[in-house]
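User: Hey, got a minute to walk me through this model? I'd like the helix packing and then the sheet.

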Amino acid sequence: MPCRLRRAALAVLTALAAGLPAGLPSQDPVPPPPPTPAPAEGPPVAVLLQRWQQPQATVDDLRTLWPELTAAGGTARAQAFDALLRRYEADLRTWPKARDRALQRFAKAVPKAQQAGLGKRGEAKVAAARSALLAISRTPDLTKERIHQDCDPLLQQLTEWLLPTVDQVLAADPQADALVTGLRTQTEALRSLYDFYLEVLQELDQEAAGRRHADQRRQLAEPPNGDAVEAELGLLCVQALPLPGRDAKVLEANAALRGRLDAEEWRGTFALNRIRVALGLPTVLIDEKLGNAARDHSQDMHEQHFFSHESPVPGKRSFGDRAARAGTSASAENIAAGHQTGASAIEGWWYSPGHHKNMLGNHGRTGLGRCENLWTQMFGG
């Protein structure tokens with residue numbers, strides 16, 4: 001066999017031995033494909049729980065971690081739920097102290113804010129504005145138009161000088177501002193944490209084991225109300241003013257009744273006392289018996305379909321009769337219809353000359369009572 005043919009035959013045999021197609025030149029072997037990487041594992045349960053329990057973890061952080069803890073199985077979800085309860089209750093325990101510190105500092109800042117509003121010659125200009133407004137209010141021919149035209153600008157001036165707003169008090173005292181801001185933040189955080197707790201509770205309730213675990217745990221108390229905090233600040237803007245001793249005691253006594261009275265009835269009387277403080281008039285004490293008589297008359301007007309100071313109900317003809325039935329006495333009465341709030345009723349009476357005079361009269365006691373959108377306000381000496 002010629003050498004050329006022999007070399008070709010050897011090439012074919014070599015290619016077949018190497019697993020290559022016959023007649024093709026030899027090539028480098030093809031490398032095997034790289035191994036498929038194993039799916040990445042998430043952090044271990046212990047790490048997730050550690051992150052969950054960090055004091056600085058926000059509600060958004062907890063919402064992100066919760067699906068991972070749920071997917072981890074075992075006792076991770078139950079442990080996270082128990083840690084959430086402990087976190088909320090610990091934060092809730094610190095809230096009253098934060099509230100007390102903020103309100104105490106805020107109260108101390110109120111006189112400073114008032115002084116800033118008064119500026120120079122404060123006492124003289126206040127006395128002049130008060131005298132002018134009360135002289136107008138006591139004229140026999142007082143009209144609604146004159147109240148708008150002459151009384152309102154003077155009351156606005158007195159309010160700006162004497163009754164600081166919450167923002168003005170905070171601007172007058174950086175420490176009070178910091179404490180109140182912290183309290184607001186903490187209050188909002190507690191609400192967010194409680195809302196998340198309710199979401200988690202609802203999810204656990206969808207599965208038997210989760211429901212059993214949740215049922216064995218204590219139910220969390222409602223978080224503090226942010227609106228109540230703002231109401232306290234608004235109350236202190238008047239109550240913490242440097243007032244005559246008798247007025248301060250009246251406002252303190254009225255504040256103690258807040259939880260026992262209809263909220264709008266109480267707010268209406270507070271709105272009236274705010275006006276009287278601005279005008280330098282004595283504050284009026286809430287007489288619960290007068291309030292009962294006033295509320296009863298509002299209910300009679302609603303049920304008997306009348307609107308009058310003279311009642312068709314036997315034994316309740318006059319406001320004096322109604323006060324006596326309630327165990328007290330009265331010297332004047334206002335009635336109103338169509339108001340949803342106590343402050344709105346006070347505003348309506350302010351622009352009604354006869355009612356306006358009653359509200360600024362020489363009274364020591366008052367009672368405000370409503371039924372639906374009907375209001376009665378009674379006064380006593």
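User: Let's start with helix 5 and helix 6: are they roughly parallel or antiparallel to each other?
Analyst: Helix 5 and helix 6 are roughly antiparallel to each other, a label for angles over 145 degrees, while under 35 is roughly parallel, 65 to 115 roughly perpendicular and the rest oblique. Helices here are DSSP runs of H or I with at least four residues, strands are runs of E with at least two, and both are numbered from the N terminus. One thing up front: this is a predicted model, where local features need pLDDT of at least 70 and side-chain atom pairs count only at pLDDT 80 or more, while totals for chains, interfaces and linings use all residues. Residues are numbered from 1 along each chain as its sequence is written, and side-chain values use heavy atoms, with hydrogens and water left out.

User: What angle and axis distance go with helix 5 and helix 6?
Analyst: Helix 5 (residues 122-137) packs on helix 6 (residues 144-162) at about 150°, and their axes are 10 Å apart. The axes are lines fitted to C-alpha atoms, for helices over the stretch in contact, and angles run from 0 to 180 degrees between N-to-C directions.

User: Is the crossing of helix 5 and helix 6 left-handed or right-handed?
Analyst: Left-handed for helix 5 and helix 6. That's the word if the near helix is turned anticlockwise from the far one by less than a right angle; clockwise would be right-handed.

User: Which residues in helix 5 and helix 6 meet?
Analyst: On the helix 5 side they include Val126, Ala129, Leu133 and Ile136, and on the helix 6 side they include Cys151, Leu154, Leu158 and Trp161. Contact means heavy atoms within 4.5 Å. By class, this contact of helix 5 with helix 6 has 11 nonpolar, 1 polar and 4 charged residues. Nonpolar covers Ala, Val, Leu, Ile, Met, Phe, Trp, Tyr, Cys and Pro; charged covers Asp, Glu, Lys and Arg; the others, Gly among them, are polar.

User: I always look at cysteines. Is Cys151 buried or exposed?
Analyst: Buried, because Cys151 has 0% relative accessibility. Buried means under 20% relative accessible area, exposed means over 50%, and partly exposed is in between (1.4 Å probe, protein chains only).

User: And what is Cys151 in contact with?
Analyst: Leaving aside neighbours within four places in sequence, Cys151 is in contact with Leu133, Ile136, Ser137, Arg146 and Trp350. The C-alpha atoms of Cys151 and Leu134 are separated by 8.4 Å, with the two positions 17 residues apart along the chain counted as their spacing.

User: Trp350 is in helix 15, right where helix 12 meets it. At what angle do helix 12 and helix 15 pack?
Analyst: About 45°, with the axes of helix 12 and helix 15 (residues 342-350) 7 Å apart. That makes helix 12 oblique to helix 15, and helix 12 passes helix 15 in a right-handed crossing. The contact residues of these two helices divide into 6 nonpolar, 2 polar and 1 charged. Among them are Gly268, Ala271 and Leu272 in helix 12, and Gly342, Ala343 and Ile346 in helix 15.

User: Staying with helix 12, what does Thr269 touch?
Analyst: Thr269 is found in helix 12 (residues 263-279) and touches Ile286, Thr366 and Leu368, not counting residues up to four places away in sequence. Thr269 counts as buried because its relative accessibility is 5%.

User: On to the sheet. How many residues of strand 3 are buried?
Analyst: 6 of the 7 residues of strand 3 (residues 365-371) are buried, so strand 3 is largely enclosed by the rest of the structure. As for strand 4, 7 of its 7 residues are buried.

User: Which sense do strand 3 and strand 4 pair in?
Analyst: Antiparallel, with 7 bridges between strand 3 and strand 4 (residues 374-380). Strands pair if DSSP finds at least two bridges between them. In strand 4, Phe379 is the bridge partner of Thr366, and Gln377 stands opposite Leu368. Strand 3 and strand 4 form a hairpin with 2 residues between them, and Glu372 in the turn has a positive phi of about 55°.

User: What about strand 1 and strand 2?
Analyst: Strand 1 (residues 285-286) pairs with strand 3 in the parallel sense over 2 bridges. Strand 2 (residues 332-337) pairs with strand 4 in the antiparallel sense over 6 bridges, and Ala337 stands opposite Leu374.
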